Amino acid sequence: MSGIPDRKESQVRRLLEGPYPVVPAGLAAGAAARGNRLLRRRRALRRFGWAVLLAAAVAFTVWASLTHPWSTPPSGISPPLEGW
């Protein structure tokens, strides 16, 4: 390194050595309450997503069991050839 002192480093050192600002009294409790709200919201959204996915799977299963999409549709063009 060159012998020139770094301006940013000296500013950071002054901030770390200087008087610390006063933290508001309810800051930790407010942060904890906000975190709990976020966790509850995230958990509710996750449960809602799983419920929607399960409902879609059930609806698909019911539809597939009623319509049988895997079977070939009957041919309406000509009757099947028999007795050849």
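1. His68 sits in the segment after helix 2, in what is a predicted model. The residue directly follows that helix and has a positive phi, near 50°, and it takes this value although it is not a glycine. As for its surroundings, His68 is partly exposed, its relative accessible area being 41%.

2. Turning to the overall fold, the secondary structure consists of 2 helices and 0 strands. The radius of gyration is 34 Å, whereas a compact globule of 84 residues would have a value near 12 Å. Taken along the principal axes, the box filled by the C-alpha atoms is roughly 100 × 45 × 15 Å. Buried residues account for 2% of the 84 residues in the protein, and of the roughly 8500 Å² that the protein exposes, carbon and sulfur atoms supply 67%.

3. Helix 2, which runs over residues 27-67, deserves a separate comment on its geometry. With 41 residues, helix 2 reaches 59 Å from its first C-alpha to its last, and this is close to the 60 Å expected at 1.5 Å a residue.

4. Val52 is a convenient reference point for distances along the model. This residue lies in helix 2 and, at 44% relative accessibility, counts as partly exposed. Its C-alpha atom is separated by 52 Å from that of Lys8, the two residues being 44 apart along the chain.

5. How many aromatic pairs does the structure hold? There is 1 such pair, formed by Phe60 and Trp63, whose ring centres are 5.7 Å apart and whose planes stand at 40°, so the pair is classed as tilted; planes under 30 degrees apart would have counted as stacked, and those over 60 as edge-to-face. Phe60 and Trp63 are 3 residues apart in helix 2, and are therefore separated by about one helical turn. Are the two residues buried or exposed? Phe60 counts as exposed at 52% relative accessibility, while Trp63, with a relative accessible area of 44%, is partly exposed; the cut-off for exposed is over 50%.

6. A nonpolar surface patch of about 400 Å² is made by Leu54, Val58, Val62 and Leu66. Val58, one of these residues, has its place in helix 2. Val58 has a relative accessible area of 47% and is therefore partly exposed, and this value passes the threshold of over 30% that patch residues must meet.

7. The last point concerns charged side chains. Side chains of opposite charge can pair when their charged atoms come close. The structure holds 1 salt bridge, in which Arg13 is joined to Glu9, with 2.8 Å between the closest N and O atoms. Both residues belong to helix 1 (residues 7-17), where Arg13 and Glu9 are 4 residues apart, or about one turn of the helix. What is the exposure of the two partners? Arg13 is partly exposed, with 49% relative accessible area, and Glu9 likewise counts as partly exposed, at 39% relative accessibility.

Conventions
Residues numbered from 1 in each chain as written. Predicted model: local features only at pLDDT ≥ 70, side-chain atom pairs only at ≥ 80, totals over all residues. Heavy atoms only, no water. Patch = residues over 30% accessible without salt bridge, like charges linked within 9 Å, V, L, I, M, F, W, Y side chains within 5 Å. Areas by Shrake-Rupley, 256 points an atom, 1.4 Å probe, with all protein chains shown as cover. Salt bridge = Lys/Arg side-chain N within 4 Å of Asp/Glu carboxyl O. Buried < 20%, exposed > 50% of the residue type's maximum accessible area, 1.4 Å probe, protein only. Phe/Tyr/Trp six-rings, centres within 6.5 Å; stacked < 30°, edge-to-face > 60°. Expected span 1.5 Å × (residues − 1). Rg over C-alpha atoms; globule rule 2.2 N^0.38 Å.
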